[in-house]
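Student: I would like to learn how to read a few features of a protein model. Could you take me through them one at a time?

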Amino acid sequence: MSNFNLAVIKGDGIGPEVVTEAMKVLDKIGEKFGHTFNYEQLLMGGCSIDVHGVPLTDEAVERAKQADAVLLGSIGGNTSTSPWYKLDPSLRPEAGLLKIRKELGLFANLRPALLYPELKGACPLKEEIADKGFDMMIMRELTGGLYFGERKTVEENGKKKAIDTLTYSEDEIRRIAIRGFDIAMKRRKKVTSVDKANVLDSSRLWRAVVNEVAKDYPEVEVEHMLVDNCAMQLVKDPAQFDVILTENMFGDILSDEASMVTGSIGMLASASLNETKFGMYEPSGGSAPDIAGQNKANPIATILSAAMLLRFSLDLDKEADAIEAAVKQVLKDGYRTCDIVSEGTKLVSCSEMGDLICERI
């Protein structure tokens, strides 16, 4: 009997609904495979602002560090109507996310984008492209680059001027590159490194370090692609990609684009890992405040994130496989939440989808 301690951050919007279903699935796995998952619930985002006045407390960070892994829902609200967005940027919900990534050293973001055959109809691409299918892993560097560089707004000659700094060290690049090549070795052995080396110094360093790391992985095919071309190739021929390795801002944009070509952002899991096995696992989609509390949200991305948690942080591959197989079976059996429903399929609620996946484990 194995005991695991998980920090759970349900967050805002649909976060509490989808995380509840993922916990239900983890409990089913525990029952089936003889594990116990102990959950400690922490606040982050808007719900933390409401209680503590800040998006993430230092105490919540310390408690997260004591856990074996963190399961996260979604944070934030409607940026035009929520009172959270009248606050200083350093006190808004998303500041909590940047803080926890930095405090936990979560430098490697893994976002799989997979087109399930049963959801080909939901893919916005041409039929002949969707028919080929695709299965890629986007590896995004998460704690460097433009989002963490020095920034300021100044006034010059009576006009405001904003400055954001894009900085990368070779060590930051090397550690994400090694993680990307390691994952490629377990997949189809191809890495596409994405940069803007025709313009940016940081990208030229990125490319040089990736080439150095590649020498240690002779079995892996490596190609370099400029970010604008990669954005085009993702809609023209997504089947060509295995592992896409890129920096923080490019990875943010490209992984959202990849998620939309799967048909629904509600289907895609993600993991953020540090240099040990510790990680934080969350769905790729946002907090969808417009449908929060209506039991309509798609919990599959969060449930698949829980499967990644089992695989990458707890080394429970069989258990992760069982969840992924159950999700495939539910889709094959024709059950859909409202974001992926189509003619001839059966519409189910968020909690019903969780129940159906549990039944198939």
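Student: Which backbone oxygen does the side chain of serine 48 reach?

Tutor: A polar contact is a pair of N or O atoms within 3.5 Å; within protein, one must be able to donate a hydrogen and the other to accept it, and residues adjacent in sequence count only if both atoms are side-chain atoms. Here the side chain of serine 48 reaches the backbone oxygen of valine 54 at 2.7 Å. This is a predicted model, in which local features need pLDDT of at least 70 and side-chain atom pairs count only at pLDDT 80 or more, while totals for chains, interfaces and linings use all residues. Residues are numbered from 1 along each chain as its sequence is written, and side-chain values use heavy atoms, with hydrogens and water left out.

Student: Is serine 48 buried or exposed?

Tutor: Buried means under 20% relative accessible area, exposed over 50%, and partly exposed in between, with a 1.4 Å probe and protein chains only. Serine 48 counts as buried because its relative accessibility is 0%.

Student: And which residues does proline 93 touch, not counting residues up to four places away in sequence?

Tutor: Contact means heavy atoms within 4.5 Å. On that reading, and leaving out residues up to four places away in sequence, proline 93 touches Asp12, Gly45, Gly46, Ile49, Pro55, Ile75, Gly76, Trp84 and Tyr85. One of these partners, glycine 45, is 48 residues from proline 93 in sequence, yet the two are 4.0 Å apart in space, C-alpha to C-alpha. Proline 93 is also buried, with a relative accessible area of 0%.
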